[in-house]
Amino acid sequence: MDIEINLINQFKALPENWNAWLLENLERGCHPEDLAKILLQEGLIELNPVKLDGNIENEQNYNWLEQLVAQKQSFTPSNLNSRQKKWIAEAVLEEKPKNMIYQTLKAQGLNEIDIAIELVELKQNPYFQIAQQQHFLVKKRNWLLDTLDRFARLNPSYKEVKRISTPYFEHFVEHYYSRNLPVLLTNAIDHWNALKKWSPQYFKQTVGHQEIEVQFNREQDPLFERNSIQHKTKMSMNQFVELVEQNMHTNNFYMTANNAKASQSSLSELFKDIGDFHNYTNHHQVLDRSFIWFGPKGAFTPLHHDLTNNFLVQIYGRKKVTLIPSMQVPHLYNDVAVFSQIANPHQPNITEQFPELNDCLKIECILNQGESLFIPMGWWHCVESLDTSISVSFTHFNLDNGGAETFPQPTHID
C-alpha cells in the first residue's frame, strides 16, 4: 500500500527505549520506511494514507528524519565531498525544495541519512548562519535595485543615449553626472588638434620609434580581458601600426587603458594634441588620467563596468558601444570584480545560457569620429571597433569621481 508515515509529532511521544532503538537502527543505515513499518506493527505510530508512488519522500518525512539526526549527536560525519557540501549550502540559501535536494544527492549515490546529517550540521554551523544573514541582505538590495530600475524605466532618457551639443558643466552635472545617466556630446572636441591630426600614419611619424605596451594573443584566451596582465607585450609603435594595417579585422591585439602606465612617457608627445574639455576637467591632469585606445577593426572589450565616471572620446574611426544600466547588476551574472560571465550580450542564443539577461536593457549607440560618450560609474558596457580606431578615455572631472579607492576586494583565506 502506498502510504505516507506522519511521524513528526509521534516521534516525540515514543518511549525512551524505542527512541533509542530507532536512532541506533538509523545510524546502522536501515531505511526509515522499514523502521516505520515496525513501529506501526507495534502500535506506536498511526498511518496517514496518501499516494506517494511507494516512497516516503515528502517534506514532512524529511523534516522528521532531520529531527531524528539532530537528537543523535554521535552520528559519524556525512560522506559528502566538498563540491556536494557547497551545492547543498547554495541550495538551502536559495530555498530549493527539500525533495529536490534529497533526490539530487540520492541520484549521486548518497543515502538519506548522510544528507540529513549534512543538513542538520549545516544549519547549526555559525558560519552558515552568517552566510544566511548576508544572503538575505543581498536579496534585499537586489529587490531595491530591481524596484528602482522598474521606476527608472518610466523615464525615456533611461532607455536611450541622448545626442546633444556640449552643455554647460553645471547642466551636465545636474542632468547626467549626478543622475548616473549616459549622454553623447557631438561637438565637445571640435577644437582638439588630435581630431585633425591623429591617424595610424601620424602615430608612426610622431612616435614610431617609441616602445609601447599592447595586449597580444587575445584570441587564444576567452578570458583575455580578465587575464590582461598575461597578454602584455612590448613593441615599437611602428611595429604595432604595421600589424593594424596588415589585419583588416581582428581582436588579437589592442593598445588599451591597461597599457597606459607603461606607454605614458613614450606617448607624451601625442598628449600635446589633446585640448581641454571645456571646464569639465582639470587639464593639468590630462597626461596622468587620460588613456589612449588604438586597435584594428574588430577589437572588442567584453562586458564590464568601471569604478569611476568616464568619458570615451572617439578621435579616429567608429565604435559601437552597448550600455546596460548599473541597477540591473542582479541579472548580469557578475562573478569576478567588474566582470560578467557574459562577454558579449549580442552573442547568438546567449539568453539560453544566461536567461536573466532578458530582464536587462541593451542600449546601443555608434560613437562617431569627434563624439564623446559619458559612461557613468557602474554602467555595464562592451565596445567593438567598427573601423581601425583611436580613442581617448579620461576620468579627471572637476568634482568628486571617487569609487575605485573604496571598491571591496575579495577575501582570501590562506
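Helices, taken as H or I runs of at least four residues, and strands, taken as E runs of at least two, are DSSP runs numbered from the N terminus.

**Figure 1. Overview of the protein chain in the predicted model.** On that basis the protein chain contains 15 helices and 17 strands. Of its 414 residues, 47% are buried, and the accessible surface comes to about 21,500 Å², with 49% of that area belonging to carbon and sulfur atoms. Among contacts with a separation of 6 or more, 80% are made by residues 24 or more positions apart.

**Figure 2. Close-up of the open sheet formed by three strands in the order E6-E5-E7.** The pairing in this sheet is antiparallel, and its edge strands are E6 (232-236) and E7 (253-254), each of which pairs on one side only. Strand E5 (residues 211-216) is joined to E6 by five bridges, and one bridge partnership links Gln215 with Lys232 in E6. Helix H12 (residues 237-246) packs on the sheet, where it touches E5, E6 and E7, and the direction of H12 makes about 105° with that of E6.

**Figure 3. Close-up of helix H12 and its buried residues, Met237, Asn238, Phe240, Val241 and Val244.** Seen down the axis of H12, these buried residues fall within an arc of 165°, and they therefore line one face of the helix. The elements against which the buried residues of H12 pack are helix H11 (200-207), the strands E5, E6 and E7, and strand E8 (290-295).

**Figure 4. Close-up of strand E8, which is mostly covered.** Five of the six residues of E8 are buried. Six bridges join E8 to strand E17 (residues 389-394), and the two strands run antiparallel; within this pairing, Ser290 has Phe394 in E17 as its bridge partner. Phe394 also appears in the surroundings of Phe277, with which Phe394 is in contact.

**Figure 5. Close-up of the largest nonpolar core, which has 59 residues.** The residues with the most contacts inside this core are Phe172, Trp198 and Phe277. When neighbours within four places in sequence are left aside, Phe277 is in contact with Leu185, Ala188, Ile189, Trp192, Phe311, Val313, Ser372 and Phe394. A second, separate core has 16 residues, including Ile101, Leu105, Leu122 and Phe128.

Notes
Residues are numbered from 1 along each chain as its sequence is written. This is a predicted model: local features need pLDDT of at least 70, side-chain atom pairs count only at pLDDT 80 or more; totals for chains, interfaces and linings use all residues. Side-chain values use heavy atoms; hydrogens and water are left out. Buried means under 20% relative accessible area, exposed over 50%, partly exposed in between (1.4 Å probe, protein chains only). Contact means heavy atoms within 4.5 Å. Accessible areas come from the Shrake-Rupley method with a 1.4 Å probe; for residues, only the protein chains shown count as cover. Two strands pair if DSSP finds at least two bridges between them. Axes are lines fitted to C-alpha atoms, for helices over the stretch in contact, and angles run from 0 to 180 degrees between N-to-C directions. A nonpolar core is a set of buried Ala, Val, Leu, Ile, Met, Phe, Trp, Tyr and Cys residues joined through side-chain atoms within 4.5 Å. The arc is that of the directions from the helix axis to the C-beta atoms.
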